[in-house]
Amino acid sequence: MSELPKTLRIFEDGITQGLHTGGQLYVSLEGAKVCHRAIGQARQGEPMTTDHLMLWMSAGKPITALAIGQQIDRKTITLDTRIADVIPEFAANGKGEIRLRHLLSHTAGFRGPLNSFSPGDWDDLIHRACQLKIEPGWVPGEKAGYHVASSWFVLAEIVRRLDGRPIEQYVRDEIFLPLGQEDAWVGIPEERVMQYGNRIARAVETSRGWADDSLVYNELNAVVLPRPAANARGPIRSLGRIYECLLAGGAPIVSPQIARSFTSRQRHGLLDHTFKVVLDWGFGFMIDSKQYAGPHAYGYGDHAGPDTFGHSGNQCSCAFAEARHGLVVAWACNGLPGEPAHQSRQRAINTTIYEELGLM
């Protein structure tokens, strides 16, 4: 198993530069581990291990997308199902014709305001999401803009109404545990939080020049909350295992048809009005889009091929896969250093992995 020394040095240099205090890296080729390492500290005075639970932020969004894919496999819905046919109250304020494919491709047009850690119980958040209006001039499917949280609450509620289980239990039963990932969660039950103790790594704000861990993400309530857009946690290998599963055809979690369609281009050449760049998307996965503007902040480095698919998390994480090499990469840092520093870090890590493996 390669140690990828140049890539690991980027993590170590980030510690020296104050970008993060620790991180985890998982890389595999054709399902075989190439590198699985932990770097630095999980919290003050405690070495990071590969068993620490990291916050994935939005890199966890594809988990909910795959839960929807399972419902399509089970023929309870299709990509053209109207959301209001499953959640009637969603039709409020002109949203009656929005389809499932619009939510999965970030073209539905009800971006907010509703953030990933908004206070309130689940039913209240669903009510608030259902009351949102389509933005003026937005035609679903024809205009694009990343939905930070709103549509992901709705997608998770679709799963609950079709299956009966809340999203946090559903993804445990149907995605994480079938893949053997006992320590992966979307909202961790309080009793398990107590059991894990210091195994739950602290997120730290580093953009002001010091490591500040007094963030909402570290509060008990935030760790427990089921938030499908941003609150998945686990060792980063658990995220890597999901991508390995998709490259291998999707079993045991989704059919080959879902694995293929969700991770291939479904949205082409549209300006993303949230990110302000042209981006292509699958259903729940971002497709490498540097053909429009070169390597950019939301891509997978200089050498990723055009069919590379994945998702990143706010200032802290990235996971992706590329079929031509059988490559899977998943990594997380516990420091949020601000967008420019993080984007530079992300591009350096992803590019150097390709170079060290000779996959340019």
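This is a short dialogue on reading helices, cysteines and backbone features in a predicted model.

Biologist: Before we start, what do I need to know about the ground rules?

Modeller: The model is predicted, so local features need pLDDT of at least 70 and side-chain atom pairs count only at pLDDT 80 or more, while totals for chains, interfaces and linings use all residues. Residues are numbered from 1 along each chain as its sequence is written, and side-chain values use heavy atoms, with hydrogens and water left out.

Biologist: OK, helices. What span does helix α13 reach from its first C-alpha to its last?

Modeller: General idea: helices (H or I, at least four residues) and strands (E, at least two) are DSSP runs, numbered from the N terminus. The expected span of a helix is 1.5 Å times one less than its number of residues. Helix α13, residues 339–357, has 19 residues and reaches 27 Å, close to the expected 27 Å. Just after α13 comes Gly358, with a positive phi of about 70°.

Biologist: Which residues of α13 are buried?

Modeller: Cut-offs for that word: buried is under 20% relative accessible area, exposed is over 50%, and partly exposed is in between (1.4 Å probe, protein chains only). In α13 the buried set is His342, Arg345, Gln346, Ile349, Asn350, Thr351, Thr352, Ile353 and Tyr354. Their cover includes helix α1 (5–16) and the strands β1 (22–29), β11 (309–313), β12 (317–322), β13 (327–333) and β14 (335–336).

Biologist: What touches Gly313 in β11?

Modeller: For touching, read contact: heavy atoms within 4.5 Å. Not counting residues up to four places away in sequence, Gly313 touches Trp56, Met57, Ser58, Ala59 and His342. That last one, His342, is also among the buried residues of α13. Gly313 lies in strand β11 and counts as buried, at 4% relative accessibility.

Biologist: And how do α10's numbers work out?

Modeller: Helix α10 (residues 236–247) has 12 residues, so at 1.5 Å a residue it should span 16 Å; the end C-alpha atoms are 17 Å apart, which agrees. It's mostly covered, with nine of its 12 residues buried, including Ile236, Leu239, Tyr243 and Cys245. Gly249 follows α10 and has a positive phi near 115°.

Biologist: Now helix pairs. At what angle do α2 and α6 cross?

Modeller: Axes are lines fitted to C-alpha atoms, for helices over the stretch in contact, and angles run from 0 to 180 degrees between N-to-C directions. Helix α2 (residues 61–73) and helix α6 (residues 150–163) have axes that come within 10 Å and cross at roughly 35°. On the α2 side the contact is made by Lys61, Thr64, Ala65, Ala67, Ile68 and Gln71, and on the α6 side by Trp152, Leu155, Ala156, Ile158, Val159 and Leu162.

Biologist: How do the residues of that contact divide?

Modeller: Ala, Val, Leu, Ile, Met, Phe, Trp, Tyr, Cys and Pro count as nonpolar, Asp, Glu, Lys and Arg as charged, and the others, Gly among them, as polar. Here you get nine nonpolar, two polar and one charged.

Biologist: Can we zoom in on one of them?

Modeller: Take Thr64, which lies in α2 and is buried, with a relative accessible area of 2%. Leaving aside neighbours within four places in sequence, Thr64 is in contact with Trp152, Leu155, Ala156, Ile167 and Pro228.

Biologist: How many disulfides does the structure hold?

Modeller: A disulfide is a covalent bond between the sulfur atoms of two cysteines. The cut-off is a pair of cysteine sulfur atoms within 2.5 Å. This structure holds zero.

Biologist: Why does Cys35 have no bond to Cys333?

Modeller: The sulfur in Cys333 is the closest cysteine sulfur to that of Cys35, but at 13 Å it is too far for a bond. Cys316 also has its closest cysteine sulfur in Cys333, at 8.3 Å, and that is too far as well. Cys35 is buried at 0%, and Cys316 is buried at 3%.

Biologist: Last bit: what about backbone oddities?

Modeller: For cis peptides, look at omega. The bond joining Gly112 and Pro113 is cis, with omega about 5°, and the one from Ala251 to Pro252 is cis with omega near 5°. Pro113 sits in the loop between α4 (100–104) and α5 (122–130), and Pro252 in the loop between α10 and α11 (256–262). For phi, check Glu30, a residue other than glycine with a positive value near 50°; Glu30 is exposed at 64%. Lys276, not a glycine either, has a positive phi of about 70° and is exposed at 60%.
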